[in-house]
Amino acid sequence: MGAVTVHVRLFAVLREQAGRDSVEIELAEGATVADAVEELSSLPALTELLERLPVRMAVNRAYASPETPLGPGDELALIPPISGGAGPQVRVTGEPLSLEALATAVGRPGAGAVVAFQGVTREVSRLDYEAYTAMAEERMAEILSDCIERYDLEAAAAEHRTGAVPLGEASVIVAVSAAHREEAFAGAREAIDRIKDEAPIWKREVESDGASRWVGGKVPR
């Protein structure tokens with residue numbers, strides 16, 4: 001059986017404890033994230049820390065489970081608890097949304113660009129939204145944290161309506177800030193695209209005559 005070389009990135013206290021920001025490890029072909037963490041735990045500088053610190057894993061910049069397989073050239077990141085209290089601002093609510101308030105919430109001294117997006121009901125009388133609220137908020141926070149890291153954003157926030165959303169009203173809003181507009185536009189685009197694809201929220205279109213249908217979508221990843 002061949003060997004697989006995996007590049008491992010370390011951050012914050014893990015980087016400080018190891019004295020470097022990355023390591024390379026060799027694993028057996030067919031190895032998983034769990035195998036990589038076990039191998040990293042054998043490094044004297046990380047053994048005690050990995051035993052007590054809750055760490056998330058990401059493979060090629062996407063959060064992964066212990067069972068995720070690793071291939072040659074994959075980048076594995078060990079992500080310790082993220083500073084900043086509760087993390088990005090997210091909310092799933094039955095109340096009307098305010099684009100202005102959310103854009104204001106992501107303002108930072110280092111932000112030279114703020115990009116905000118809102119999706120509104122169109123063409124039908126209303127949209128009815130149903131959500132697995134706790135899971136949706138958790139997934140939205142993970143998506144925004146990922147975008148903050150990937151695009152070096154200053155801040156990010158997102159809110160989604162549940163219940164009936166009449167014609168012309170906002171059902172989802174996303175706002176991000178960054179030092180430059182390119183990163184802000186890219187971060188906002190990925191955030192809204194992934195929220196639509198990954199958050200457990202369902203939409204039903206309701207016509208003026210009362211006819212309705214659930215809108216099809218993708219199986220969540």
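W202 is partly exposed in this predicted model, its relative accessible area being 42%, and the residue belongs to strand β12, which covers residues 201-206. Together with Y132, M135 and W214, W202 forms a nonpolar surface patch of about 470 Å². Because membership of such a patch requires a relative accessible area of over 30%, the value of 42% computed for W202 is compatible with its place there.

The overall architecture comprises six helices and 13 strands. The C-alpha atoms of the protein occupy a box of roughly 65 × 45 × 30 Å along the principal axes. Of the 221 residues in the protein, 38% are buried, while the exposed surface amounts to about 12,200 Å², with carbon and sulfur atoms supplying 50% of that area. Among contacts with a separation of 6 or more, 68% are accounted for by residues 24 or more positions apart.

Two buried residues, one in a strand and one in a loop, illustrate how individual positions are surrounded. L10 is located in strand β1, formed by residues 3-10, and counts as buried because its relative accessible area, 2%, falls under the 20% limit. When neighbours within four places in sequence are set aside, the contacts of L10 are R15, A18, R20, D21, S22, V23, L46 and L78. One of these partners, S22, is separated from L10 by 12 residues in sequence, and the C-alpha atoms of the two residues are 5.4 Å apart in space.

V124, for its part, lies in the loop that connects β7 (113-120) with β8 (126-131). Despite this loop position, V124 is buried, with a relative accessible area of 7%. Its contacts, again without neighbours up to four places away in sequence, are made with L167, E205, V206 and E207. A103, by contrast, is 21 residues from V124 along the chain, and a distance of 27 Å separates the C-alpha atoms of the two residues.

Charged side chains were examined next. By the criterion applied, the model contains 17 salt bridges. R91 takes part in two of the pairs described here, one with E95 and one with E159. The side chains of E95 and R91 meet at an N to O distance of 3.2 Å; E95 is partly exposed at 48% relative accessibility, and R91 is likewise partly exposed, at 27%. The salt bridge between R91 and E159 also has an N to O distance of 3.2 Å. This second pair links distant parts of the chain, for R91 is placed in strand β6 (residues 89-93) and E159 in strand β9 (residues 155-161), 68 residues apart. The burial state of E159 is not that of R91: E159 has a relative accessible area of 7% and is therefore buried, whereas R91, at 27%, is partly exposed.

A further salt bridge joins the side chains of E198 and R194, with an N to O distance of 2.9 Å. Both residues are part of helix α6 and stand four residues apart, which corresponds to about one turn of the helix; both are also buried. Through salt bridges that share partners, one network brings together R56, R139, E142, D146, R150, E190, R194 and E198.

Within this network, E190 is likewise assigned to helix α6, for which the residue range is 181-198. E190 is buried, its relative accessible area being 12%, and beyond residues up to four places away in sequence it touches D146, C147, R150 and Y151. Of these contacts, D146 and R150 are also named as members of the salt-bridge network.

R56, another member of the network, is also involved in an arrangement with an aromatic side chain, since its charged end sits over the ring of Y63, at 4.3 Å from the ring centre. As regards contacts between the rings themselves, a pair of aromatic rings is described by the distance of the centres and the angle of the planes. Under the rule used here, with ring centres required to lie within 6.5 Å, the count of aromatic pairs is zero.

Key
Residues numbered from 1 in each chain as written. Predicted model: local features only at pLDDT ≥ 70, side-chain atom pairs only at ≥ 80, totals over all residues. Heavy atoms only, no water. Phe/Tyr/Trp six-rings, centres within 6.5 Å; stacked < 30°, edge-to-face > 60°. Lys NZ or Arg CZ within 6 Å of the ring centre and 35° of its normal. Patch = residues over 30% accessible without salt bridge, like charges linked within 9 Å, V, L, I, M, F, W, Y side chains within 5 Å. Areas by Shrake-Rupley, 256 points an atom, 1.4 Å probe, with all protein chains shown as cover. Salt bridge = Lys/Arg side-chain N within 4 Å of Asp/Glu carboxyl O. Helix = DSSP H or I, 4+ residues; strand = E, 2+ residues; numbered from the N terminus. Buried < 20%, exposed > 50% of the residue type's maximum accessible area, 1.4 Å probe, protein only. Contact = heavy atoms within 4.5 Å.
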